[in-house]
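Work through the exercises below with the structure open. Try each task before reading its solution.

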Amino acid sequence: MRKSNDFTELLNGRLIPKGMAGYRFEKEGHRQYRDCLVVYCDGKMRFERYCYGEAAGLVFGVWVDKIAPDGTITYCEPFDIAVKPDVLPKKISSMPDAETLTIDDKPELWKVAAKLKTNPQNGYTWIKVLLLSITKK
């Protein structure tokens, strides 16, 4: 049984099955924006914010530089001008199961909304995913 504050599987990509690019965790509930945390098979992560409506699309995305063992998130800087640093998640509080996260000690759950086979817009083409799955331990 895994501990809810053990992020080892998340940090090293073992959470993602072989042959998959990653999981897209999305904050539950309808809000003005759709916030997502994408976890890739090689352990890299990216926060993305999307808007709804007629002009729906990506507002901004930020790569995670590292996550400390306690779940504290550090982002790659400098940020693009569209990024609002105050809305970025600051800490993964717990991981009750492989498909659920809690962020910043808030009650909203972040659930897996998509299991990505590829994600070419962020560099995870089918060939890269194949090579990573061959070399994955």
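The exercises below deal with a predicted model.

**Exercise 1. The salt-bridge network**

Task: Which residues are linked with Asp35 in a network of salt bridges?

Solution:
- Step 1. Recall the general point: side chains of opposite charge can pair when their charged atoms come close.
- Step 2. Apply the cut-off: a side-chain nitrogen of Lys or Arg must lie within 4 Å of a carboxyl oxygen of Asp or Glu.
- Step 3. Test Asp35 against Lys27. The two side chains meet in a salt bridge, at 3.7 Å from N to O.
- Step 4. Test Asp35 against Arg49. This pair also forms a salt bridge, at 2.8 Å from N to O. The pair links distant parts of the chain: Asp35 sits in strand S2 (residues 33-40) and Arg49 in strand S3 (residues 45-51), 14 residues apart.
- Step 5. Join the pairs. Lys27, Asp35 and Arg49 make up the network.

**Exercise 2. Buried or exposed?**

Task: Classify Asp35, Arg49 and Arg34: is each one buried, partly exposed or exposed?

Solution:
- Step 1. Set the limits. Buried means under 20% relative accessible area, exposed means over 50%, and partly exposed lies in between.
- Step 2. Asp35 has a relative accessible area of 6%, so Asp35 is buried.
- Step 3. Arg49 has 11%, so Arg49 is buried too.
- Step 4. Arg34 has 24%, so Arg34 is partly exposed. The side chain of Arg34 meets that of Glu26 in a salt bridge of 3.3 Å, N to O.
- Step 5. Check the total for the model: the count comes to 5 salt bridges.

**Exercise 3. The largest pocket**

Task: Which residues lie closest to the centre of the largest pocket, and what is the character of its lining?

Solution:
- Step 1. Start with the volume. The largest pocket holds about 170 Å³ of space.
- Step 2. Find the centre. The lining has 14 residues, and those closest to the centre are Lys27, Val87, Pro89, Asp104 and Lys106.
- Step 3. Sort the lining by type. There are 6 nonpolar residues, no polar ones and 8 charged ones.
- Step 4. Look at Pro89. This residue is in the loop between S5 and S6. Pro89 is buried because its relative accessible area is 4%.
- Step 5. Place Pro89 against Phe47. Their C-alpha atoms are 8.1 Å apart in space, with their positions 42 residues apart in sequence.

**Exercise 4. Backbone exceptions**

Task: Where does a cis peptide bond occur, and which residues of the loop between S7 and S8 have a positive phi?

Solution:
- Step 1. Recall the usual case: most residues other than glycine have a negative phi, and most peptide bonds are trans.
- Step 2. Look for the cis bond. It joins Glu77 and Pro78, with omega at about 5 degrees. Pro78 belongs to the loop between strand S5 (73-75) and S6.
- Step 3. Go to the loop between strand S7 (100-103) and strand S8 (109-116), where Asp104 is found. Asp104 is not a glycine, yet has a positive phi of about 55 degrees.
- Step 4. Check Asp105 in the loop between S7 and S8. Asp105 also has a positive phi of about 55 degrees and is not a glycine.
- Step 5. Add accessibility. Asp104 is at 24%, so Asp104 is partly exposed. Asp105 is at 66%, so Asp105 is exposed.

**Exercise 5. A nonpolar surface patch**

Task: Which residues form a nonpolar patch on the surface?

Solution:
- Step 1. Set the entry limit: a patch residue needs over 30% relative accessible area and no salt bridge.
- Step 2. Test Leu130. Its relative accessibility is 39%, so Leu130 counts as partly exposed. Leu130 lies in helix H2 (residues 126-135).
- Step 3. List the members. Trp126, Ile127, Leu130, Leu131 and Ile134 form the patch, with about 540 Å² of accessible area together.

**Exercise 6. Sequence and space**

Task: How many Å separate the C-alpha atoms of Trp63 and Cys76, and those of Ser93 and Asp35?

Solution:
- Step 1. Locate Trp63 in strand S4 (residues 57-67). Trp63 is partly exposed, at 27% relative accessible area.
- Step 2. Read the first pair. Trp63 and Cys76 are 13 residues apart in sequence, and 5.8 Å apart from C-alpha to C-alpha.
- Step 3. Locate Ser93 in strand S6 (residues 92-97). Ser93 is buried, at 15%.
- Step 4. Read the second pair. Ser93 and Asp35 are 58 residues apart along the chain, and their C-alpha atoms are separated by 16 Å.

Technical notes. Residues numbered from 1 in each chain as written. Predicted model: local features only at pLDDT ≥ 70, side-chain atom pairs only at ≥ 80, totals over all residues. Heavy atoms only, no water. Patch = residues over 30% accessible without salt bridge, like charges linked within 9 Å, V, L, I, M, F, W, Y side chains within 5 Å. Areas by Shrake-Rupley, 256 points an atom, 1.4 Å probe, with all protein chains shown as cover. Helix = DSSP H or I, 4+ residues; strand = E, 2+ residues; numbered from the N terminus. Buried < 20%, exposed > 50% of the residue type's maximum accessible area, 1.4 Å probe, protein only. 1 Å grid on protein atoms, 1.4 Å probe; cavity = no way out; pocket = protein on both sides within 12 Å on 5 of 7 lines; lining within 4 Å. Points joined across faces, edges and corners; volume = space filled by probe spheres on them. Nonpolar A, V, L, I, M, F, W, Y, C, P; charged D, E, K, R; others polar.
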